[in-house]
Amino acid sequence: MCTPWMSFVEQNEEMREKMKLSKSKSNLGQESRKQEQDAKIWHTTTSRAQAKSALEKVGQPRSPQRKVKVISGSSVSKCRTPVDQEPKLNNIDLDQRRDYANYLLEHRVNKIVKKEHDSTRKLFLPHVQSTM
């Protein structure tokens, strides 16, 4: 590939090679955008699951009521506690979880960008002419 891009008309073989490179680069970009979008969707769904109780208060539709097993021994004057109830997190713990989730998202997106950069380099490196 000695003809500069868009300067002269290339030979058929060189044109096919450039088209193949262009298509490969386009496919790499599409693949990395899809991976990035999947990472963001994953982050959104996991964050929404953590914030479900707060979202229901704001106006999201409630999930249908279901029967819940409670700890035995409760009476009218005692609160009934579900068997599988998890302790509620305080604000500091919620902030730590949110920060860690954002850190994971940023780390995944950076890995996707680095992978695309490395793939692009591997794609074009055989065609670079060394002047040294």
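Buried here means under 20% relative accessible area. The close-up views below show a predicted model.

**View 1. His43 of helix α1 and its contacts.** His43 is located in helix α1. Its relative accessibility is 11%, so His43 counts as buried. Once neighbours within four places in sequence are set aside, His43 is in contact with Ala101, Asn102 and Leu105. Two of these contact residues, Ala101 and Leu105, are listed among the buried residues of α3.

**View 2. Helix α3 from end to end.** Helix α3 comprises 34 residues, numbered 91-124. At 1.5 Å a residue the helix should span 50 Å, and the C-alpha atoms at its ends are 50 Å apart, so the expected and modelled spans agree. Buried residues of α3 are Ala101, Leu105, Val109, Ile112, Thr120 and Leu123.

**View 3. The salt bridge between Arg98 and Asp95.** The side chains of Arg98 and Asp95 meet in a salt bridge, with an N to O distance of 2.9 Å. Both residues belong to helix α3, where three residues, about one turn of the helix, set Arg98 and Asp95 apart. Arg98 has a relative accessible area of 45% and is partly exposed. Asp95, at 37% relative accessibility, also counts as partly exposed.

**View 4. The salt bridge between Asp118 and Lys114.** In helix α3, Asp118 and Lys114 are four residues apart, which means a separation of about one helical turn. A salt bridge joins Asp118 to Lys114, and the closest N and O atoms of the pair are 3.6 Å apart. The N to O cut-off for such a pair is 4 Å. Lys114 counts as exposed because its relative accessibility is 54%, with exposed meaning over 50%. Asp118 has a relative accessibility of 29% and counts as partly exposed.

**View 5. The salt bridge between Lys34 and Asp38.** This pair lies in helix α1, which covers residues 12-50. Lys34 and Asp38 are four residues apart, about one turn of the helix. Their side chains meet in a salt bridge at 3.3 Å, N to O. Asp38 is partly exposed, and its relative accessible area is 40%. In the whole structure, a search finds six salt bridges, among them Lys34 with Asp38, Arg98 with Asp95 and Asp118 with Lys114.

Technical notes: Residues numbered from 1 in each chain as written. Predicted model: local features only at pLDDT ≥ 70, side-chain atom pairs only at ≥ 80, totals over all residues. Heavy atoms only, no water. Helix = DSSP H or I, 4+ residues; strand = E, 2+ residues; numbered from the N terminus. Expected span 1.5 Å × (residues − 1). Buried < 20%, exposed > 50% of the residue type's maximum accessible area, 1.4 Å probe, protein only. Contact = heavy atoms within 4.5 Å.
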